[in-house]
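Okay, thanks for coming, everyone. I'll put the structure up and then walk us through it, starting with one bit of terminology.

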Amino acid sequence: RFIFASLLLTTTALAAPLNLDWTKNYEFLEVPAGFKYYMGDVSYGYVVYIGIEDIMGTTAELQLFFVDKQIWKALLILGPEGIDTHNCLSKNKQLVSLLNQKYGHYKTLQVEKDPAIDELLYVSACTPVGLGLYAAKYHWLTKLFLINSSLFGEDGEHYIEIEYIYRTRSKSGKKFDKNKILKKL
């Protein structure tokens, strides 16, 4: 819990997400605090870390994407352990509150709701989330970052993802990903 708070709430609202240096050229990236290396390499353009300590009582995975040896996108995935039918909305509300503290109030909220949700009887408001019938996506925009937080589910599991995109490298990163795919085709 402490690690997430320190990753999210640093000394100023303008501090870089996840306490990472987004301007540095990396040959090798030291494992972020609270995580262990899982797979990938800066030279591949993609590195994955698994949380060794819970974040808000959930499991965590951190994915970092690189272009020209610099981070252009990070994806922090919380769950499925620790997020369930009884607490998905409260966990999401807590997370959105923390992100609002750091980046200001979110700019937009998108809700995806399957019409089948109105035909079901369920005990918990989180049941439709786990079934993939309801999802919520919040958007923040700062001078340097686009931040998206999503609550969603699949196969009865619940997840919250936070995506951080360094705005000046966004087009380069998307082009780099597209070129990697084209080479494989």
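So, before anything else: when I say helix, I mean a DSSP run of H or I with at least four residues, numbered from the N terminus. With that in hand, helix α2 is followed by Gly104, whose phi is positive, near 85°. We'll come back to that helix. And keep in mind throughout that this is a predicted model.

Overall picture first. The protein has 4 helices and 8 strands. Going along the sequence you read α-β-β-β-β-α-β-α-β-β-β-α. Out of 185 residues, 45% are buried. The accessible surface is about 10500 Å², and carbon and sulfur atoms account for 54% of that. If you take the contacts between residues at least 6 apart in sequence, 55% of them join residues at least 24 apart.

Now the sheet. In what order do the strands of the open sheet sit? The order is β1-β2-β3-β4-β8-β7-β6-β5, with antiparallel pairing. At the edges you find β1, residues 35-41, and β5, residues 108-113; each has a single partner strand, so one side of each has no neighbour in the sheet. From one strand to the next, the twist averages 15°.

Let's start at the β1 edge. β1 runs antiparallel to β2, residues 46-51, and 6 bridges join the two. One pair you can click on is Asp41, whose bridge partner in β2 is Tyr46. On the sheet you also have α2, residues 88-103, which packs against it and touches β6 (134-141), β7 and β8. The direction of α2 makes about 15° with that of β8.

Next, β8 itself, residues 157-166. Why do I call β8 largely enclosed by the rest of the structure? Because 8 of its 10 residues are buried. On one side, β8 pairs with β4, residues 70-78, in the antiparallel sense over 6 bridges. In that pairing, Leu75 stands opposite Glu163. β8 also pairs with β7, residues 145-154, again antiparallel, over 10 bridges. There, Glu154 stands opposite Glu157. The hairpin of β7 and β8 leaves 2 residues between the strands, and Asp155 takes a positive phi near 50° in it. As a reminder, strands of a sheet pair through backbone hydrogen bonds, either parallel or antiparallel.

Back to α2, as promised. It has 16 residues, and at 1.5 Å a residue they should span 22 Å; the end C-alpha atoms are 22 Å apart, so that agrees. For anyone checking the arithmetic, the expected span is 1.5 Å times one less than the number of residues. Which residues of α2 are buried? They are Cys88, Lys91, Asn92, Leu95, Val96, Leu98, Leu99, Asn100, Lys102 and Tyr103. When you look at that list, remember that an α-helix has 3.6 residues a turn, so residues three or four places apart point the same way.

Cys88 takes us to the disulfide. There's 1 disulfide by the distance rule, and it joins Cys88 to Cys126, with the sulfurs at 2.2 Å. The two ends come from distant parts of the chain: Cys88 is in α2, Cys126 is in the loop between β5 and α3 (127-130), and they are 38 residues apart. The link is left-handed, with -110° about the S-S bond. Are the two cysteines buried or exposed? Cys88 is buried, with a relative accessible area of 0%, and Cys126 counts as buried too, at 3%.

Last, some backbone geometry to look at. Most residues other than glycine have a negative phi, and most peptide bonds are trans. Leu18 isn't a glycine, yet it has a positive phi of about 60°. Asn19 isn't one either, and its phi is positive as well, about 55°. Leu18 belongs to the loop between α1 (2-8) and β1, and Asn19 is found in the loop between α1 and β1 too. For burial, Leu18 counts as buried at 6% relative accessibility, while Asn19 is partly exposed at 46%.

And where's the cis peptide bond? It runs from Gly79 to Pro80, with omega near 5°. Pro80 is in the loop between β4 and α2.

That's my tour. Over to you for questions.

Note on methods
Residues are numbered from 1 along each chain as its sequence is written. This is a predicted model: local features need pLDDT of at least 70, side-chain atom pairs count only at pLDDT 80 or more; totals for chains, interfaces and linings use all residues. Side-chain values use heavy atoms; hydrogens and water are left out. Buried means under 20% relative accessible area, exposed over 50%, partly exposed in between (1.4 Å probe, protein chains only). Contact means heavy atoms within 4.5 Å. Accessible areas come from the Shrake-Rupley method with a 1.4 Å probe; for residues, only the protein chains shown count as cover. Two strands pair if DSSP finds at least two bridges between them. Axes are lines fitted to C-alpha atoms, for helices over the stretch in contact, and angles run from 0 to 180 degrees between N-to-C directions. A disulfide is a pair of cysteine sulfur atoms within 2.5 Å.
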